[in-house]
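This report goes through a protein chain from its overall layout to its core, its pocket and a few individual residues. The sequence and the structure come first, and the reading follows from them.

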Amino acid sequence: MRKAKPKKHVILPDPVYGEVKVTKFVNNLMYDGKKSIAYSIFYNALTIVQNKMKDAEQAPLEIWKKALDNITPQVEVKSRRIGGATFQVPTEIRADRKEAISMKNMILYARKRSGKNMAEKLSAEIMDAFNQQGGAYKRKEDMHRMAEANRAFAHFRF
């Protein structure tokens, strides 16, 4: 390689929980650089989760982390062209990409939901993911199903 690898951007932890993962999530949630609004949406969503899931006996942040774990895919399919034919080759996902995919899927399906405001939509998606249902969880299951169906092409991995 001619150039050196670029340095990873250091992300600071969020002000309330002191978690880097929360900041990454808020960065994905943010529109037009409005980070304070994204933070308020996230914290309001966690407050709604706390109010609705009092019987869970877990902190809302722990519920959110468990929900993210539930929708994190382990494998994905990548298109690979071999001899004029395109195969869907299942590949394992790097840890940082797994995290990014799960966060983006949660936000995507929260935005698609019907609801009053984004905090309510996000809290509903968090609770659904925690209970292993909802759009983001279905997306993960579909990714795994696709990889399982195309397992015969795993030897084309690159």
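Which residues does N150 touch, not counting residues up to four places away in sequence? In this model, which is predicted, N150 touches V77, Q88 and P90 under that condition. N150 lies in the segment after α6, a helix that covers residues 135–149, and with a relative accessibility of 14% it counts as buried, because the cut-off for buried is under 20%.

## Overall layout

The protein chain has six helices and two strands, and when it is read along the sequence these elements follow the pattern α-α-α-β-β-α-α-α. Taken along the principal axes, the C-alpha atoms of the protein chain fill a box of roughly 55 × 40 × 30 Å.

Of the 158 residues of the protein chain, 38% count as buried. Among the contacts between residues at least 6 apart in sequence, 61% join residues that are at least 24 apart.

## The nonpolar core

The largest nonpolar core has 32 residues, and the members that touch the most other members are F25, L29, F42, W64, M106, L122 and I126. Two or more residues of this core are given by each of α1, α2 (35–52), α3, α4, α5 and α6, and the largest share, eight residues, comes from α2.

I126 serves as an example of how such a residue is surrounded: leaving out residues up to four places away in sequence, I126 touches L46, V49, I63, W64, A67 and M106. Of these contacts of I126, W64 and M106 are also named among the core members that touch the most others.

## Helices α4 and α5

For α4, the 18 residues should span 26 Å at 1.5 Å a residue, and the end C-alpha atoms are 26 Å apart, which agrees with that expectation. The buried residues of α4 are K98, I101, S102, M103, N105, M106, I107, Y109 and A110, and they pack against α1, α3 (60–70), β1 (75–82), α5 (118–130) and α6.

A corresponding check for α5 also agrees, since its 13 residues should span 18 Å at 1.5 Å a residue and its end C-alpha atoms are 18 Å apart. How much of α5 is covered? This helix is mostly covered, with 12 of its 13 residues buried, and the buried set includes the charged residues K121, E125 and D128 alongside residues such as L122, I126 and F130. What covers the buried residues of α5 includes α1, α2, α3, α4 and α6.

## The largest pocket

About 250 Å³ of space lies in the largest pocket, which is lined by K8, H9, I11, K24, N27, N28, D96, E99, A100, M103 and K104. The elements that give two or more residues to this lining are α1 (20–29) and α4 (95–112), and the largest share, five residues, comes from α4.

By class, the lining has three nonpolar, three polar and five charged residues. M103 appears in the lining of this pocket and is also listed with the buried residues of α4.

## Loops and an exposed strand residue

Most residues other than glycine have a negative phi. Against that background, where do the positive values near 55° lie in the loops? D32 has a phi near 55° and lies in the loop between α1 and α2, where its relative accessibility of 76% makes it count as exposed, because that value is over 50%. Q132 likewise has a phi near 55°, a positive value in a residue other than glycine, and is found in the loop between α5 and α6, just after α5; at 43% relative accessibility, Q132 counts as partly exposed.

Is E92 in strand β2 buried or exposed? E92 is found in strand β2, which covers residues 85–92, and with a relative accessible area of 70% E92 is exposed. Not counting residues up to four places away in sequence, E92 touches Q74 and V75. The C-alpha atoms of E92 and M106 are separated by 20 Å, and these two residues are 14 residues apart along the chain.

Notes. Residues are numbered from 1 along each chain as its sequence is written. This is a predicted model: local features need pLDDT of at least 70, side-chain atom pairs count only at pLDDT 80 or more; totals for chains, interfaces and linings use all residues. Side-chain values use heavy atoms; hydrogens and water are left out. Helices (H or I, at least four residues) and strands (E, at least two) are DSSP runs, numbered from the N terminus. Buried means under 20% relative accessible area, exposed over 50%, partly exposed in between (1.4 Å probe, protein chains only). Contact means heavy atoms within 4.5 Å. On a 1 Å grid over the protein atoms alone, a cavity is a set of points where a 1.4 Å probe fits but cannot get out, and a pocket is an open set with protein on both sides within 12 Å along at least five of seven lines; lining residues have an atom within 4 Å of a point. Grid points are joined across faces, edges and corners, and a volume is the space filled by probe spheres set on the points. The expected span of a helix is 1.5 Å times one less than its number of residues. A nonpolar core is a set of buried Ala, Val, Leu, Ile, Met, Phe, Trp, Tyr and Cys residues joined through side-chain atoms within 4.5 Å.
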